[in-house]
Each structure stands twice: as structure tokens, then as C-alpha cells.
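Me: Please show me how to read strands, ring pairs and charges over rings in a model like the one below.

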Amino acid sequence: MSFINYAAREINCKLVYYGPGLCGKTTNLQFIYTKVEPGTKGKLISLATETERTLFFDFLPLELGSIRGFKTRFHLYTVPGQVFYDASRKLILRGADGVIFVADSQVERMESNIESLENLEDNLAEQSMKLEAMPFILQYNKRDLPNAVPVEELQGALNPRNVPWFEACAATGVGVFETLKGAAKLVLNELKKKT
Amino acid sequence: MREPDLRLYEEDARRLTAVLQKLCEDAKSRAVFLIDKAGQLIASAGDTASVDTTSLASLTAGNIAATSGLAQLLGEKEFSVLFHEGEKDHLHISLVARRGILVVLFDARSSLGLVRLRVKRASEDIVQVFAEMAARAEREAGQGKTAFQTQFAEITDDDIDNLFKG
């Protein structure tokens, strides 16, 4: 649910990073936070456990610049990836304008990826929403690891509709901004379609 | 169901800010914020300069979302009021018209009773403004495009690409 503020000439959108535990959702936000100019970002809020596992969400507000006189603001959220935090994931998905699914490329995490993607579809369905009907992209993270499965295999398992996808290594920042840009583009195009 | 996009025009912003300013004075509070359930700040009044309003909006929306999850768990429709008591400052958080969250930040100069009383009155005014905004959105849906819609429909991929340059 985007929020168009004509009074302040602002467009506000919500992007959610989804994916299995330890796939690198928080790392994506941390990298963005360290790289963008101080004037264009707010605080990075992490509601995490003492062991730095996301407990509720991470939040990073980002100002991308102006389109035709309207400031575009993106609110980036991550969900907690661990299976038992499902109730929290549902809450964070509410009102999302777009979803980035961060998949862990490691062979032993394939099952978790598939499970998490199914969980995303179930949680959207509960809110009468469909993944096919919303801006959605994939990020294949941890491409630098030796046990990463080939992209073709990830595509076959996770991306039957062939939505936009990006290879990444969030820890070093490779592909992080490309992913964000890909998602922001889809969200803004969707907004354009709706108007 | 997916909620429709929220469109705030200058007239709405002016009216909502006026309601919040009155509430801020009447409740003798430090600051008042109106936030939507997705965590976006809609309007504010009072001493807002000392507060990171974007973070406040997001955390409050998360708080409300978690509380409504708890309510459902216990078979309640919702818990419509939250109160956080600090050493000096306190927060009164309440749901307004299903999609809005009204946050009042106050200290020892006011009291919970006074805040509750004034919030009740202000909520009625906000409900009224929201209802008119919803009615307008419905009217607009049946009409031609507004200036902004035309303007926005014309944006190109290049415009979007330009956002990421530099």
C-alpha cells in the first residue's frame, strides 16, 4: 500500500526482504546503510536477539530522489527468517508494495529456500494477496561460496515464472544495489499502472 | 484484502494537522503523531524536532501490528489502546478509523486521564477527515485522471533509472 503525500510531494513505498534464516536479508540492509549518503537515509533499526538474529524486523528508510517533482521514499524491511517467527513475518508483509526474496545459494539450504518461498505464498494468500500480482524479484545470495549451486538449478527450483533475478554476495555488496534497483523499478512501474 | 493506496492532499494535511495541534494543546502533550498502519507518518504537531519521526512511525506500526496479533490470538477483535510509561515521558497509542495510529507523547505536565479524554475527541475528528478522504478516492476512481496521475503515468524507465545514478 503506497502512500502518496501530495501535500509534501512524496511517494512512500514499502519493500520487504523475505527468505530463510541466515540467507543475508539483514546483510543487504546493512550494506545499503553503509553505502548511501547520510542525507538520504534514516536510522537502520534492527530488532534482533542478543545473538544478532532478527527477532521482529530490520527497518531502513531510504530517499531515492525525485521523479517529476515527487520525492520517492522507500521503506526497506526484513522479516525474521527463522521458521518459528511466522506470526511476525505475516505482520511485516502487510502493506508491502513489493517483495525481494533472498535465496541462499548453498546446496544444503535449497530445501529451506523452497520452504520459505512456499511460506511467503501462504502468508500472502492469508491476506488475499498473490505473489504473481505484486512486484516480486529474487536475489541469489552467497554466490561466492564454494558450495553454491548453479544458477540454473536455483532458477528451476525457485523461479518458474522467470521474474527478474540477481546474483549477489551481500557481505561484500555485490548485487545488493542492483537488486534494490530492480525491485524499486517494478514497484514504481506498478504504481504508474495503477494511476 | 489489500488496502487501497493512501492519498493525502494539501487540504487533508492541513485539516489533520489542525486536529493534531488542537489535541497537542488540549492534552498538554509534548508532541502528537498520526501514522498509518504500514508505518508512514501522515501528520504531526508539537515538539517533533527532537524525535526521529520516521523511526517512531515504523516502530509504532510494528508495535500495533504485534499487539493486534496478540489480540487475535486471544480471541479479541483488537486492543485499541496501548500505553507506555517511562520515567519522564510516556506514550499513548491508539487506533483510529482502522487504518490510522494516533500517538501522543506526554510528560508530567499532563496525565493519562487527560490524554485519554482528549484523544477520544480528536479521534472523532480524524475519523471524519478519513471518511471524506475515502469518499473522494471513490469519486476519483470513477472519474478521469488527476493532474498527478497524468504526470505520474508519463514517467519513463529513464526517469526511474536516473534515481539510481550518482
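**Strand 7 and its neighbours**

Reply: Six of the six residues in strand 7 (residues 136-141) of chain A are buried, so the rest of the structure largely encloses this strand. Buried means under 20% relative accessible area, exposed over 50% and partly exposed in between, with a 1.4 Å probe and protein chains only. Helices (H or I, at least four residues) and strands (E, at least two) are DSSP runs, numbered from the N terminus. This is a predicted model, in which local features need pLDDT of at least 70 and side-chain atom pairs count only at pLDDT 80 or more, while totals for chains, interfaces and linings use all residues. Residues are numbered from 1 along each chain as its sequence is written, chains are lettered from A and ligands numbered from 1 in the order in which they are written, and side-chain values use heavy atoms, with hydrogens and water left out.

Me: Which residues cover the two faces of strand 7 of chain A?

Reply: On one side lie F136(A), L138(A) and Y140(A), and on the other I137(A), Q139(A) and N141(A); all are buried.

Me: How many bridges join strand 6 of chain A to strand 7 of chain A?

Reply: Two strands pair if DSSP finds at least two bridges between them. Here strand 6 (residues 98-104) of chain A and strand 7 of chain A run parallel and are joined by six bridges. One partnership in strand 7 of chain A is that of Y140(A) with A103(A). The chain passes from strand 6 through helix 3 (residues 110-126) to strand 7 of chain A in a right-handed β-α-β crossover. Right-handed means that, with the strands pointing away from the viewer, the path from the first strand over the helix to the second runs clockwise.

Me: What pairs with strand 7 of chain A in the parallel sense over three bridges?

Reply: That is strand 8 (residues 165-167) of chain A, where E167(A) is the bridge partner of Y140(A). The crossover from strand 7 through helix 4 (residues 151-158) to strand 8 of chain A is a right-handed β-α-β one.

Me: How many aromatic pairs does the structure hold?

Reply: Rings of Phe, Tyr and Trp (its six-membered ring) pair if their centres lie within 6.5 Å; planes under 30 degrees apart are stacked, over 60 edge-to-face and the rest tilted. There are nine over all chains. F57(A) and Y77(A) form an edge-to-face pair, 5.5 Å centre to centre with 65° between the planes. F57(A) lies in strand 4 (residues 54-67) and Y77(A) in strand 5 (residues 70-78) of chain A, so the pair ties together parts 20 residues apart in sequence.

Me: Where does the charged end of K14(A) sit?

Reply: A charge sits over a ring if NZ of Lys or CZ of Arg is within 6 Å of the ring centre and within 35 degrees of the ring normal. The charged end of K14(A) is over the ring of Y77(A), 4.7 Å from its centre.
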